[in-house]
Amino acid sequence: MNIIGILLSIIITASVAGASTIPRRRCPNVHIFGARDTTASPGFGSASTVVNLVRRANIGVTSEPIVYPAVGGDLYAASVAAGVLAVANQTDAFNQRCPKSKIVMVGYSQGAQIIDDAFCGGPDGPSLNTTGRSVSSGVSKMVAAIILMGDPRHVDGLPFNVGNATAGGFAARPVGFRCPAFEDIIQSYCDADDPFCAKGNSTATHQGYGREYGQAALKFVQSKLKGSTARPSNRPNFHTSGGPRPRLDKKYLWMFLVGMAFL
């Protein structure tokens with residue numbers, strides 16, 4: 001087993017052993033999950049622009065950051081692997097607590113990559129070696145909109161692409177890839193000058209999607225929230241295991257980072 005697999009096995013085992021009962025709270029109509037960009041401080045990072053726009057436009061919306069390392073360099077692939085697991089675990093935990101609520105996903109850069117992988121599957125190099133989706137069937141029925149900005153998995157020709165990029169990102173999907181179960185609720189923003197989702201050389205472009213497309217993203221999310229209650233779900237059951245799904249606790253991500261530091 002490679003190092004990434006060993007560390008993720010430790011994380012999963014520890015989180016299952018330490019999992020506690022999810023407290024019952026009053027459930028919101030809409031809950032937003034935001035995944036930050038690489039090296040951003042814990043929280044929403046650059047995803048905060050869209051998260052805040054959606055929160056301000058709706059009453060009683062709650063939000064939650066995806067808790068994952070968001071590191072780069074030699075640890076990038078391991079960080080993505082941990083992030084995909086965190087997306088699956090956190091969304092499933094919310095589904096168990098509030099199954100009638102709607103979910104909005106917002107991911108920026110590496111945060112977009114982990115959401116993309118969790119909902120549309122892999123493979124994704126050493127980070128994800130399966131084509132299957134990571135989210136549960138319950139989550140697939142709850143999600144109303146998915147916003148991806150500066151996604152390294154960007155590839156030209158997808159029906160949900162927004163922007164002028166035609167080149168693929170550094171972790172681009174193969175040509176002809178589709179995400180049929182969710183593509184009607186995804187918007188993925190990428191412009192040609194972006195060095196991470198395309199082949200450009202402007203980091204300012206990569207950091208500017210909230211300013212450039214924030215209002216368009218909000219309009220898209222609002223349209224999906226308005227229609228989500230009336231739209232029947234025909235999404236397949238991606239998670240068929242009868243056992244409990246492991247949940248990733250924040251302290252196990254720190255264990256993951258400490259372990260990597262000593263390699």
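Lys224 is buried but forms no salt bridge, and Asp184, the nearest side chain of opposite charge, lies 5.2 Å away. A salt bridge here requires a side-chain nitrogen within 4 Å of a carboxyl oxygen, so the Lys224–Asp184 pair does not qualify. The model is predicted.

**Lys224 and its surroundings**
- Lys224 belongs to helix α7, which covers residues 209-228.
- Leaving aside residues up to four places away in sequence, Lys224 touches Ala144, Ala145, Asp184 and Ile185.
- Asp184 is thus named twice for Lys224: it is one of the contacts, and it is the nearest side chain of opposite charge.

**Helix α3**
- Helix α3 spans residues 76-97, 22 residues in total.
- From its first C-alpha to its last, α3 reaches 31 Å, close to the 32 Å expected at 1.5 Å a residue.
- Because 21 of its 22 residues are buried, α3 is largely enclosed by the rest of the structure.

**Fold of the chain**
- The protein chain has eight helices and six strands.
- Read from the N terminus, the order of elements is α-β-α-β-α-β-α-α-β-β-β-α-α-α.
- Of the contacts with a separation of 6 or more, 75% join residues 24 or more positions apart.

**Burial and surface**
- The protein chain has 263 residues, and 54% of them are buried.
- Its exposed area is about 11,900 Å², of which carbon and sulfur atoms supply 55%.

How values were computed:
Residues numbered from 1 in each chain as written. Predicted model: local features only at pLDDT ≥ 70, side-chain atom pairs only at ≥ 80, totals over all residues. Heavy atoms only, no water. Helix = DSSP H or I, 4+ residues; strand = E, 2+ residues; numbered from the N terminus. Buried < 20%, exposed > 50% of the residue type's maximum accessible area, 1.4 Å probe, protein only. Lys, Arg positive; Asp, Glu negative; His and termini not counted. Contact = heavy atoms within 4.5 Å. Expected span 1.5 Å × (residues − 1). Areas by Shrake-Rupley, 256 points an atom, 1.4 Å probe, with all protein chains shown as cover.
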